[in-house]
Amino acid sequence: MRDPYSGRREDMVDRLKERGVLRTPKVIEAMQKVPRHLFVPRGMRESAYYDTPLGIGSGQTISAPHMVGMMLEYLEFHEGQKVLEVGGGSGYHAALAGHIVGPSGHVYSVERIPSLARRAIRNLEAGGLSDRVDVLLGDGSEGVPDHAPYDRIFITCAAPEIPPPLMEELDDGGKLLIPLGSRYYQDLIMLEKQGDQIRRRSLGGCVFVPLIGKYGFS
Ligand code: SAM
(Lines give C-alpha, C1' and ligand atoms only; values in the text may rest on other atoms or scores of the structure.)
Protein backbone atom coordinates (compact mmCIF):
# COMPACT_ATOMS: atom_id res chain seq x y z
CA MET A 1 0.00 0.00 0.00
CA ARG A 2 1.26 3.49 -0.86
CA ASP A 3 2.52 5.47 2.14
CA PRO A 4 0.81 8.88 2.00
CA TYR A 5 3.56 10.37 4.17
CA SER A 6 6.58 9.23 2.14
CA GLY A 7 6.99 12.62 0.41
CA ARG A 8 6.96 14.50 3.70
CA ARG A 9 9.44 12.04 5.17
CA GLU A 10 11.79 12.57 2.18
CA ASP A 11 11.51 16.36 2.67
CA MET A 12 12.32 16.02 6.38
CA VAL A 13 15.39 13.93 5.58
CA ASP A 14 16.52 16.36 2.84
CA ARG A 15 16.27 19.31 5.25
CA LEU A 16 18.29 17.44 7.90
CA LYS A 17 20.92 16.57 5.29
CA GLU A 18 21.14 20.20 4.15
CA ARG A 19 21.64 21.29 7.76
CA GLY A 20 24.47 18.78 8.13
CA VAL A 21 22.61 16.79 10.80
CA LEU A 22 22.39 13.59 8.73
CA ARG A 23 25.63 12.47 7.09
CA THR A 24 26.02 8.69 7.00
CA PRO A 25 24.14 6.53 4.48
CA LYS A 26 22.87 4.06 7.11
CA VAL A 27 21.37 6.82 9.28
CA ILE A 28 19.88 8.57 6.26
CA GLU A 29 18.35 5.30 5.05
CA ALA A 30 16.86 4.56 8.47
CA MET A 31 15.23 7.99 8.69
CA GLN A 32 13.92 7.60 5.13
CA LYS A 33 12.44 4.18 5.86
CA VAL A 34 11.07 4.28 9.43
CA PRO A 35 7.58 5.87 9.36
CA ARG A 36 7.62 8.46 12.19
CA HIS A 37 3.88 9.10 11.70
CA LEU A 38 3.14 5.59 13.04
CA PHE A 39 4.94 6.45 16.31
CA VAL A 40 2.96 9.60 17.17
CA PRO A 41 -0.65 9.74 18.39
CA ARG A 42 -3.09 9.37 15.49
CA GLY A 43 -4.32 12.97 15.76
CA MET A 44 -0.76 14.28 15.34
CA ARG A 45 0.20 12.41 12.20
CA GLU A 46 -0.05 15.54 10.07
CA SER A 47 2.74 17.08 12.23
CA ALA A 48 4.92 13.97 12.30
CA TYR A 49 7.47 15.28 9.79
CA TYR A 50 7.97 18.75 11.27
CA ASP A 51 11.28 19.07 13.11
CA THR A 52 9.71 19.31 16.53
CA PRO A 53 9.13 17.15 19.60
CA LEU A 54 5.52 15.98 19.97
CA GLY A 55 3.50 14.82 23.00
CA ILE A 56 2.96 11.06 23.22
CA GLY A 57 0.86 11.01 26.41
CA SER A 58 1.66 10.74 30.14
CA GLY A 59 3.52 14.08 29.91
CA GLN A 60 6.25 12.55 27.70
CA THR A 61 7.53 13.39 24.22
CA ILE A 62 8.97 11.88 21.07
CA SER A 63 12.16 13.91 20.49
CA ALA A 64 12.57 16.24 17.51
CA PRO A 65 13.94 14.52 14.38
CA HIS A 66 17.14 16.60 14.38
CA MET A 67 17.97 15.47 17.93
CA VAL A 68 17.22 11.83 17.07
CA GLY A 69 19.35 12.10 13.91
CA MET A 70 22.23 13.77 15.78
CA MET A 71 22.23 11.06 18.45
CA LEU A 72 22.21 8.30 15.81
CA GLU A 73 25.16 9.93 14.03
CA TYR A 74 27.17 10.34 17.26
CA LEU A 75 26.56 6.72 18.28
CA GLU A 76 28.10 5.32 15.06
CA PHE A 77 26.13 2.07 15.10
CA HIS A 78 27.33 -0.95 13.15
CA GLU A 79 25.43 -3.97 11.92
CA GLY A 80 25.17 -6.76 14.46
CA GLN A 81 25.54 -4.54 17.54
CA LYS A 82 23.63 -5.01 20.79
CA VAL A 83 22.07 -1.76 21.95
CA LEU A 84 20.32 -0.57 25.11
CA GLU A 85 18.02 2.45 25.08
CA VAL A 86 16.76 3.97 28.35
CA GLY A 87 13.55 5.93 27.71
CA GLY A 88 11.67 3.99 25.07
CA GLY A 89 8.75 6.45 24.77
CA SER A 90 7.05 5.87 21.42
CA GLY A 91 9.61 3.32 20.22
CA TYR A 92 10.72 5.54 17.27
CA HIS A 93 14.36 6.03 18.27
CA ALA A 94 14.70 2.32 19.05
CA ALA A 95 13.13 1.46 15.68
CA LEU A 96 15.76 3.56 13.88
CA ALA A 97 18.57 1.95 15.88
CA GLY A 98 17.07 -1.47 15.08
CA HIS A 99 16.98 -0.62 11.39
CA ILE A 100 20.69 0.31 11.45
CA VAL A 101 22.00 -2.65 13.47
CA GLY A 102 20.06 -4.97 11.16
CA PRO A 103 18.76 -8.52 11.63
CA SER A 104 22.01 -9.70 13.26
CA GLY A 105 21.86 -6.95 15.90
CA HIS A 106 19.30 -6.20 18.61
CA VAL A 107 17.90 -3.29 20.58
CA TYR A 108 16.55 -3.47 24.13
CA SER A 109 14.48 -0.42 24.97
CA VAL A 110 13.39 0.23 28.57
CA GLU A 111 10.39 2.40 29.41
CA ARG A 112 9.07 3.05 32.93
CA ILE A 113 5.46 4.01 32.04
CA PRO A 114 3.39 0.87 31.27
CA SER A 115 0.92 2.53 28.85
CA LEU A 116 3.79 3.96 26.78
CA ALA A 117 5.64 0.64 26.76
CA ARG A 118 2.48 -1.12 25.50
CA ARG A 119 1.98 1.49 22.78
CA ALA A 120 5.66 1.34 21.76
CA ILE A 121 5.27 -2.41 21.19
CA ARG A 122 2.25 -1.76 18.93
CA ASN A 123 4.07 1.04 17.11
CA LEU A 124 7.07 -1.18 16.46
CA GLU A 125 4.78 -3.89 15.08
CA ALA A 126 3.08 -1.36 12.80
CA GLY A 127 6.49 -0.04 11.73
CA GLY A 128 7.78 -3.56 10.97
CA LEU A 129 10.67 -3.42 13.46
CA SER A 130 9.32 -5.56 16.30
CA ASP A 131 11.71 -8.44 15.54
CA ARG A 132 14.73 -6.16 16.11
CA VAL A 133 13.54 -4.36 19.26
CA ASP A 134 12.39 -5.68 22.64
CA VAL A 135 10.52 -3.16 24.80
CA LEU A 136 11.05 -3.80 28.50
CA LEU A 137 9.14 -2.22 31.37
CA GLY A 138 11.13 -0.87 34.30
CA ASP A 139 13.59 1.65 35.69
CA GLY A 140 16.30 1.77 33.03
CA SER A 141 18.64 3.68 35.37
CA GLU A 142 19.19 0.33 37.11
CA GLY A 143 20.40 -1.21 33.86
CA VAL A 144 19.35 -4.44 32.16
CA PRO A 145 21.97 -7.02 33.26
CA ASP A 146 20.21 -9.96 31.57
CA HIS A 147 21.40 -8.91 28.12
CA ALA A 148 24.63 -7.06 29.03
CA PRO A 149 27.21 -6.10 27.87
CA TYR A 150 26.03 -3.60 25.25
CA ASP A 151 28.00 -2.11 22.35
CA ARG A 152 25.96 1.06 22.57
CA ILE A 153 23.81 2.59 25.32
CA PHE A 154 21.76 5.72 24.85
CA ILE A 155 19.57 7.52 27.34
CA THR A 156 16.78 9.69 25.98
CA CYS A 157 15.90 11.42 29.25
CA ALA A 158 17.83 13.85 31.45
CA ALA A 159 19.98 12.37 34.21
CA PRO A 160 21.60 14.12 37.19
CA GLU A 161 24.49 11.61 37.15
CA ILE A 162 25.71 8.73 35.01
CA PRO A 163 23.85 5.69 36.36
CA PRO A 164 26.65 3.33 37.57
CA PRO A 165 24.90 0.14 36.35
CA LEU A 166 24.83 1.51 32.79
CA MET A 167 28.56 2.20 32.84
CA GLU A 168 29.15 -1.35 34.10
CA GLU A 169 26.99 -2.80 31.33
CA LEU A 170 28.85 -0.95 28.56
CA ASP A 171 31.20 -3.28 26.69
CA ASP A 172 34.88 -2.50 26.19
CA GLY A 173 35.09 -0.27 23.11
CA GLY A 174 31.46 0.78 23.62
CA LYS A 175 29.85 4.21 23.55
CA LEU A 176 27.25 5.67 25.92
CA LEU A 177 25.31 8.85 25.13
CA ILE A 178 23.44 10.68 27.88
CA PRO A 179 21.87 14.10 28.50
CA LEU A 180 23.45 15.10 31.82
CA GLY A 181 22.46 18.04 33.99
CA SER A 182 19.45 19.51 35.77
CA ARG A 183 15.76 18.81 35.16
CA TYR A 184 15.61 21.85 32.90
CA TYR A 185 18.81 21.92 30.87
CA GLN A 186 21.50 19.37 30.04
CA ASP A 187 24.73 18.75 28.16
CA LEU A 188 24.73 15.82 25.77
CA ILE A 189 27.69 13.73 26.94
CA MET A 190 29.44 10.92 25.06
CA LEU A 191 31.43 8.37 27.07
CA GLU A 192 33.70 5.88 25.35
CA LYS A 193 35.08 2.92 27.26
CA GLN A 194 38.60 1.70 26.38
CA GLY A 195 39.75 -0.83 28.98
CA ASP A 196 40.04 1.06 32.28
CA GLN A 197 39.89 4.42 30.53
CA ILE A 198 36.74 6.44 29.95
CA ARG A 199 36.91 9.20 27.34
CA ARG A 200 34.34 11.93 27.92
CA ARG A 201 33.18 14.55 25.40
CA SER A 202 30.57 17.26 25.68
CA LEU A 203 28.52 17.57 22.50
CA GLY A 204 26.44 20.64 23.39
CA GLY A 205 23.28 21.73 25.15
CA CYS A 206 19.95 19.94 25.01
CA VAL A 207 16.62 19.67 26.81
CA PHE A 208 15.06 16.30 27.64
CA VAL A 209 12.32 15.16 30.03
CA PRO A 210 13.76 13.83 33.31
CA LEU A 211 14.98 10.30 33.99
CA ILE A 212 12.87 9.20 36.95
CA GLY A 213 14.34 6.39 39.00
CA LYS A 214 16.99 5.10 41.36
CA TYR A 215 19.83 6.98 39.62
CA GLY A 216 17.59 9.69 38.20
CA PHE A 217 15.34 12.39 39.62
CA SER A 218 12.64 11.52 42.16
N1 SAM B 1 13.13 7.73 22.69
C2 SAM B 1 11.74 8.07 22.77
C3 SAM B 1 11.06 8.02 21.43
O4 SAM B 1 11.69 7.72 20.43
O5 SAM B 1 9.84 8.27 21.42
C6 SAM B 1 11.50 9.41 23.44
C7 SAM B 1 11.83 9.36 24.85
S8 SAM B 1 11.12 10.57 25.88
C9 SAM B 1 12.03 12.01 25.42
C10 SAM B 1 11.84 10.01 27.42
C11 SAM B 1 11.21 8.74 27.96
O12 SAM B 1 11.99 8.32 29.08
C13 SAM B 1 9.79 8.91 28.48
O14 SAM B 1 8.93 8.05 27.80
C15 SAM B 1 9.89 8.54 29.96
O16 SAM B 1 8.76 7.91 30.48
C17 SAM B 1 11.10 7.64 29.95
N18 SAM B 1 11.78 7.47 31.25
C19 SAM B 1 12.01 8.36 32.22
N20 SAM B 1 12.66 7.78 33.25
C21 SAM B 1 12.88 6.47 32.90
C22 SAM B 1 13.51 5.37 33.54
N23 SAM B 1 14.07 5.45 34.74
N24 SAM B 1 13.53 4.20 32.87
C25 SAM B 1 12.97 4.06 31.64
N26 SAM B 1 12.34 5.08 30.99
C27 SAM B 1 12.31 6.28 31.62
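In the predicted model, helix α2 (residues 25–33) packs against helix α4 (residues 92–101) with the two axes 9 Å apart and at an angle of about 130°. Angles that are not under 35 degrees, not over 145 and not from 65 to 115 count as oblique, and α2 and α4 are therefore oblique to each other. The crossing of α2 past α4 is right-handed. On the α2 side, the contact is made by K26, V27, E29, A30, M31 and K33. On the α4 side, Y92, L96, H99 and I100 take part. By residue class, the contact of α2 with α4 comprises 6 nonpolar, 1 polar and 3 charged residues.

Helix α2 also packs against helix α1 (residues 6–18), here with an angle of about 150° and axes 8 Å apart. Since an angle over 145 degrees counts as roughly antiparallel, α1 is placed in that class relative to α2. The crossing of α1 past α2 is right-handed. From α1, the residues R9, E10, M12, V13, L16 and K17 are involved, and they meet I28, M31, Q32 and K33 of α2. The residues of this contact of α1 with α2 divide into 5 nonpolar, 1 polar and 4 charged. M31 and K33 of α2 are listed in the contact with α4 and also in the contact with α1.

A further part of the model involves strands. Strand β6 (residues 150–155) pairs with strand β7 (residues 170–181) in the parallel sense, over 4 bridges. Within this pairing, R152 stands opposite K175 of β7. Helix α6 (residues 164–169) belongs to the same region: β6, α6 and β7 together make a β-α-β unit, and this unit is right-handed.

Strand β7 has a second partner in strand β8 (residues 186–194), with which it pairs in the antiparallel sense over 7 bridges. One of the residues of this pairing is P179, whose bridge partner in β8 is L188. The two strands β7 and β8 form a hairpin, with 4 residues between them. Strand β7 is thus paired in the parallel sense with β6 and in the antiparallel sense with β8, and β7 is part of both the right-handed β-α-β unit and the hairpin.

Notes
Residues numbered from 1 in each chain as written. Predicted model: local features only at pLDDT ≥ 70, side-chain atom pairs only at ≥ 80, totals over all residues. Heavy atoms only, no water. Pairing = 2+ DSSP bridges. Right-handed = clockwise from strand over helix to strand, strands pointing away. Axes fitted to C-alpha atoms, helices over the stretch in contact; angles between N-to-C directions. Left-handed = near helix turned anticlockwise from the far one by under 90°. Contact = heavy atoms within 4.5 Å. Nonpolar A, V, L, I, M, F, W, Y, C, P; charged D, E, K, R; others polar.
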